[in-house]
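Student: Please take me closely through one place where parts of this model pack together, and then show me what lies around it. I'd like one connected account, with each term explained as you go.

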Amino acid sequence: MTQPNRPGPQPRPEQPGPVPGPLPTAPAPVGATQPVEADKLRELLRTPGYLKTLVFCGLIGIPVSLASFWFLAGIHELEKLVWADLPKALGHDAPPWWWPLPLLLLSGVCVGLIVTRFPGAGGHIPASGLHAGGPGSAALPGVILAAVFSLPLGATLGPEAPLIALGGGLAIAFRHLTGAPETPMSTALLGAAGAAAAIATIFGNPLIAAVLLMEVAGVGGPQLFAVMLPALLSSGIGSLVFTGFGRWTGLETGSLKVKWDVVFPRLDAGDVAWPILISVVIAAGVHLIQYGGRQTAVRVARRPVPVTALCGLAAGACAAAYTLGTGRSPADVASSGQATLAELAADPQAWSVGALIAVLLCKGAAFSLCLGSLRGGPIFPSLFLGAAAGVLLAPLPGLGAGAGLAAGLAAATTSAMRLPVSSAVLVILVLGSTAMMPVVILSAVVAFVVTELLPARPPVPSVPQVGRTPHPTAPAP
């Protein structure tokens, strides 16, 4: 017969920390005796430590936003100097075909030296995706320098990853103001709060920043995606009932929306069927680019400085080849794609079929090289590649230009970030309309599923720094 446990000294309960613990996988049943989630949240909000941290996260948004603004403004001015003012000073109306070669070679050499000699290796490798955690104050100089020597000089990357590192690092640097203990959960909360404030400056919308950081932080783990994908897919298909399909005008019901004096084209069968196939093709292509980026990172980890320099020179060669073949500016390839995306969307007829194919091939190759070697983020190049593919495929029978553009943007962004909800919200924000929301959601879900079913990408090794041993995941030379 089993003896009952004797009373003895019990472990002291942990004091309420400034952040909540892991969320349960399912809500408590109705009528259950255990505390419901509302009671737990109410108890948490009454904790002085959490309230103090919440106020701090609100206040830290002010200096983080200011720092992010000046960072972006400085990057923009440097890009203007390098790609507009200097060519004109040398007697060129536009950057010549060879212009990106010395710039990206210089970028590769400088970034290679920064990541091996500065704490934090200049920030995380772009091929590993976005990260929510801040690198700490000691790593911020290297992160900023690596971004300055990457983005203005022609790296096919965006500014979002350095911004996330900047915001998260600043928030963690001022942690002492909260008096909160250093725990993994408090570090994650403060880093995510600072990163969200920073990323909102580039997208101009706090909603996408919050959604993006929630998915990047991995709240809920794989179970979140398992529940979210069916809900996202059913909501996208269900919305066709109310938006209309083909000659059917849809159902009218009370909803919280404001009617504008803008008429959007009604979705037809081709606008829904073609994006599914397009998403499969684009997801496979972006997955191949990401795979190449990770293979590049493996080689960079073995010999950081020379291989990074060669990768930068090769990316410059892609931009030079594009200009020689099309006569267009090398900045179409050697840039994040943010400005070029606006030009493409405003006047897609200005791009010939050959130019669209060339920019997809050359920018895709340069993107893959920069993902594994230089420093930046994957969002803006992915958006541009998806838009270019959507415009290229828009003449397919039954596929409208709007649906093609929406499908391309959603599929490429989702495959690159592997964050379907954030990608859908971002693309709808970029389009400036919810008319194509069903197409965006369907494309995002299809691209996410295809990307997850494709062969796993190789792990991204860390770059060895001076006086530091390589990361265990780094392959042996």
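Tutor: Helices here are DSSP runs of H or I with at least four residues, strands are runs of E with at least two, and both are numbered from the N terminus. On that count the protein has 16 helices and 0 strands. This is a predicted model, in which local features need pLDDT of at least 70 and side-chain atom pairs count only at pLDDT 80 or more, while totals for chains, interfaces and linings use all residues. Residues are numbered from 1 along each chain as its sequence is written, and side-chain values use heavy atoms, leaving out hydrogens and water.

Let's settle on the pair formed by helix α3 (residues 100-117) and helix α10 (residues 304-326), whose axes come within 7 Å and cross at roughly 155 degrees. That makes α3 roughly antiparallel to α10. Axes are lines fitted to C-alpha atoms, for helices over the stretch in contact, and angles run from 0 to 180 degrees between N-to-C directions. Angles under 35 degrees count as roughly parallel, over 145 as roughly antiparallel, 65 to 115 as roughly perpendicular, and the rest as oblique. The crossing of α3 past α10 is right-handed, meaning that the near helix is turned clockwise from the far one by less than a right angle.

Which residues of α3 and α10 meet? From α3 come Pro 100, Leu 101, Leu 104, Leu 105, Gly 108, Val 109, Val 111, Gly 112, Leu 113 and Thr 116. On the α10 side they meet Pro 304, Val 305, Thr 308, Ala 309, Gly 312, Leu 313, Ala 315, Gly 316, Ala 317, Ala 319 and Ala 320. Contact means heavy atoms within 4.5 Å. The residues of this contact divide into 15 nonpolar, 6 polar and no charged. Ala, Val, Leu, Ile, Met, Phe, Trp, Tyr, Cys and Pro count as nonpolar, Asp, Glu, Lys and Arg as charged, and the others, Gly among them, as polar.

Now follow the chain into the loop between α3 and α4, where Ala 121 sits. Ala 121 has a positive phi of about 55 degrees although it is not a glycine, and it is buried, with a relative accessible area of 9%. Buried means under 20% relative accessible area, exposed over 50%, and partly exposed in between (1.4 Å probe, protein chains only).

Beyond that loop, helix α4 (residues 140-148) has Leu 140, Gly 142, Val 143, Ala 146 and Ala 147 as its buried residues. Seen down the axis of α4, they fall within an arc of 165 degrees, so they line one face of the helix. The arc is that of the directions from the helix axis to the C-beta atoms.

Back along the chain from α10, helix α9 (residues 269-302) includes Gly 270, which is buried at a relative accessible area of 14%. Leaving aside neighbours within four places in sequence, Gly 270 is in contact with Pro 275, Gly 398 and Leu 399. Ala 269, also in α9, counts as partly exposed at 40% relative accessibility. The C-alpha atoms of Ala 269 and Gly 398, 129 residues apart along the chain, are separated by 7.3 Å.

For the wider setting, 48% of the 477 residues count as buried. Among contacts between residues at least 6 apart in sequence, 77% join residues at least 24 apart.
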